[in-house]
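Here are a few exercises to work through with the model open beside you. Try each task before you read its solution.

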Amino acid sequence: MVLTDMPLGDTILYFSLLTSVLAIIALALKEYKGNDNIFKAVPTLTRLTAVALVFDILLLAYYFVTSNYTINYVWQYNSNDLAMIYKLAATLAGQQGTYLFWAMMIGLSAWWTGEFHKSDRMVRLTQIITLVVGVYFIIITLVDSPFATIYQLYPDIANNFIPPDGNGLNALLINPWMISHPIIIFIAYGAMVTPFAAAVVFLLTGDKGWMKLALPTSRFTWLFLTLGIAVGGIWAYLVLGWGGFWSWDPVETSSLVPWLMLTAFMHAFSQHRKNPKNFELGAPILACISFVLILFAALVTRSGIFSSIHAFGESPSSNLLFYGVFASALLTLALGVKGYYKKEEVVSAEPETFINRNNIFYATVILLSVLTFISFWGITFPAIAQFLQGVKVSIGLQFFNIWSFPVVILLLLALGLCISYKESEKDMLLKQMLIVAGITVIAGLLRTSAFYVLDHNSPFYVSQPPLYRLIGSISTWALFPSMIYATYSIISAFVGEYPKIKNSAKMLLHRGGVYIIHISIILVLVGAVFSANFTQSYEANIPLSQEGKVVPLQNGYGMKLVDFESGDDATSVNFVGTKIQDILNNPTSYAESVKTSGKVSNIDTKGGFMYMQLTDDTTTMWIASNILDITEGELITAGGTLMFDFSSPSTGVTYPVILFAGEVAPLESSTSSFQKVYLEVYKDNKKIGSGAATYAQYKNGDTSHPMVSRSLLQDEYVIFQGMSGYAVVPLTLKIVPMVNELWIGVILFSLGIVMVMLGAVISPKSPKMKVKNKMKKKRSDK
Amino acid sequence: MKPKKIINIVVLVAIIAFMYGSVNSSSILSDSKNAYLGGIEFYNSGGTGYDNTFGAAADASGYEVALARAKAEDKPIMVYFWAIWCQYCEKFETGTMPDPRVKSMMENDFILISVDLDEDRDVAQRWGVSYPPNELFITSNEQEIRRTPGYVDADSFTSTLQSVKSQYKGAKN
């Protein structure tokens, strides 16, 4: 490839590759040869890398916003009918853009590590590993570059050809959540590199400085991963056919797997920070595994090995990604084995009791790891079977629920015991927990119709193996004793601790955040369990003639069709042919033959011709046609010849330029159109919810946006998938209980992490403390 | 260290049991020749290596073998388009297909082809099928008899099967 042919974006990528490699060399020389000469350039080099990569992603976004269809990636995911915000969002619609974004996040991480920490050995080695990962991602991006032009990829295309329109986003992606979901997820994926790099350095050197690097970045990753998964869940909840907020789809699950592992890490790490002997091996290894699992999640999405509704198809870079997963997993394993044998020599001074806080934490970490493994295995095993034997196996959608259920109960019991744990009240607390465990067993034996772990009414249940049926026959009520117990423990622990922390804003934020995180997990569980088990569904076909009347359904529910609207979304009409402005600018070159399109107005039918104005998104011109069935306001394409200074005998007007159109056709609906119903939902003749449901057709398919009327205890969720032919509006009403507790739980969870992060940055002496200290001083002065 | 070691061993044993259990309890949906959906055996549209090809070439695909067999046995063909991640397919396979009326008609009166949309996009494209599930009925000459896009319940699928059957017979006479 000649350098001058190289797209600007690729040139910048090569530049960032160069600065990264130079920075790695400089850091390595300093580390192993004590060479300071180029080391001085490291801050500049990492800054350049970060700036170059940020500039590159902005450049790509610019290409999207300006619809530069000579770039293949832009052509693939952008189209003229997209609103500006979706053009911007489409930057991360495909794998090429997300890899670039990922590389940028790693560039920023390497810069952050150097910029905000005193350059010691820990920082330098962490930067080396971060940059090596960065180089790997820059190469992945280059292999299948988002900047590749259509001329590079399709040599047959003429050099001056510019596609008039792009392929466009999948209709399901034209959704407000598309704007935030990918960016949040990839911020999380990218930020995970620092905890990983710092953990590797710690495992190699034993330098305790890794905590100051891993702590803020792992919390940051945890926060964004939580939000990313939740936003994906809300999106899936609002899109028909994606199976609600959670359906254990491989791609969905693959993002939960690193989240669970990271959660295990957070627990191990909190103990490790108190005493570096705790989880000395466990904490760094869990950080490494979390990173491997994040790469694995990308592989699940991109490789095409895992069958998913969320799959993006095979990509040329997936081999490289596979090597990345393999190499990082191997490194983790090697470091783990090395650490394990080294650690065995250390004689532990730990008390040999079975129940102590450290051991409960250990059990928690193990349980979270088991939960991680269940999800991991559930998506991996079918892929292995397919890869090795060429058979497709079904593990059953219920696999995850069945196996996770008992583990979640054990986790809740551990939470209840651990969070209010006091060594002095150990026996009493243990007794409490065992009683709750006993009640759990009894609750599990309750015979509750339609509230078992597996739905007994499903024909699927009968075909399950005996072990599944056994676990599936546990009543879901078994979850509640441990849930109530954990809630009680969290609240009583907070009440007990409050007097000790209330005077320190730092402690209040930190401990308060921890309690909020735990309580919100219970809210999430409540929301998930109730909404998954007790959603009711009602069908209704309301004729347009029944508009304004409440149509009764079963169980006292009713629906009223308030209004119906349909039409074209004028802002996104995609006019084809030559733009009218171009015709008027240079009419002689189009005189012989021209095709254009627009909206018809001012029709005047005289002398066997229709004279009318045609307006597109540029300007207006006159056309005449002997095809007489055109209606006012219609969108048409018109082809024919131009006449200049034409005086019409029938209208008596002289037209400077007029198009005589022999061909007229309705503009094909590459435009988007929509149908919208305004609805009210009634229960026992009382209005309980209202809103609008929309059915829209886009260039690449159709979508329906359900009406969702939210309240604290239930959502009224109405699906409308377009009119059936007979002026009848087919509707499905779903009553989804408690789902907002789930969303509130996620918001609280995120708030809790933010509080903990804030608690870490503010100074230990809160204003309150200062005032008190001052007062004390004054008193003592007196 | 003792308690932790005990926890480790217990968990390790549990995980191995879990892996063994899950592998054993999983069910095969499709292999190189057939698909087994809702307890019914289908020809895998992209499958190869059949023992009896009903006069089609020895290396014929499952789709071609099914056409040949439909011709030999004078039966209409049902082509079922599905994907492993498709929830309505699972609903169709666990709710509609096991219905005794549906099952017996499908097995006795039709030649069945399964098209896994993740594997065989060509057949789907040829028939203009863009999403699963989709139930397409054709003759051995690849003439379309009828198509039912999406999920349908057992009652209405029973009547669909019956009317396709009579339509097929009617065209013969």
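Helices (H or I, at least four residues) and strands (E, at least two) are DSSP runs, numbered from the N terminus. With that rule, chain A has 24 helices and 15 strands. Keep in mind that this is a predicted model.

**Exercise 1. Get a feel for chain A: what does its C-alpha trace span along its principal axes, and what percentage of its residues is buried?**

Solution. Start with the dimensions: the trace spans about 110 × 80 × 80 Å. Next, burial: of the 782 residues in chain A, 44% are buried. Then look at contacts between residues at least 6 apart in sequence; 69% of these join residues at least 24 apart.

**Exercise 2. Check the length of helix H15 of chain A against its expected span.**

Solution. Step one: H15(A) runs over residues 399-419, which is 21 residues. Step two: the expected span is 1.5 Å times one less than the number of residues, so the helix should span 30 Å. Step three: the end C-alpha atoms are 30 Å apart, so the two values agree.

Now look for a bend. H15(A) turns by about 35° at A:Phe405, and a proline, A:Pro406, follows within four residues.

**Exercise 3. Is H15(A) largely enclosed or largely open, and is A:Val408 buried, partly exposed or exposed?**

Solution. Take the helix first: 15 of its 21 residues are buried, so H15(A) is largely enclosed by the rest of the structure. Now pick out A:Val408, which sits in this helix. A residue counts as buried at 20 or more other C-beta atoms within 10 Å, and as exposed at 12 or fewer. A:Val408 has 18, so it is partly exposed. For a reference point elsewhere in the chain, try A:Leu368: it is 40 residues away from A:Val408 in sequence, with 8.7 Å between their C-alpha atoms.

**Exercise 4. Describe the contact between chains A and B: how many residues does each chain give?**

Solution. Count first: 32 residues come from chain A and 29 residues from chain B. Then sort the chain A side by element: H14 (357-389), E1 (392-394), H15, H17 (459-462) and H18 (466-472) each supply at least two residues. H14(A) has the largest share, with eight residues. By class, the chain A side holds 20 nonpolar, nine polar and three charged residues.

Finish with the strands. E1(A) pairs with E1 of chain B (residues 27-30) in the antiparallel sense, over three bridges. One pair to find on screen is A:Ser394 with its bridge partner B:Ser27.

Key. Residues numbered from 1 in each chain as written. Chains lettered and ligands numbered in written order. Predicted model: local features only at pLDDT ≥ 70, side-chain atom pairs only at ≥ 80, totals over all residues. Bend = angle between axes of the 7 residues up to and from the residue. Contact = placed C-beta atoms within 7 Å. Nonpolar A, V, L, I, M, F, W, Y, C, P; charged D, E, K, R; others polar. Pairing = 2+ DSSP bridges.
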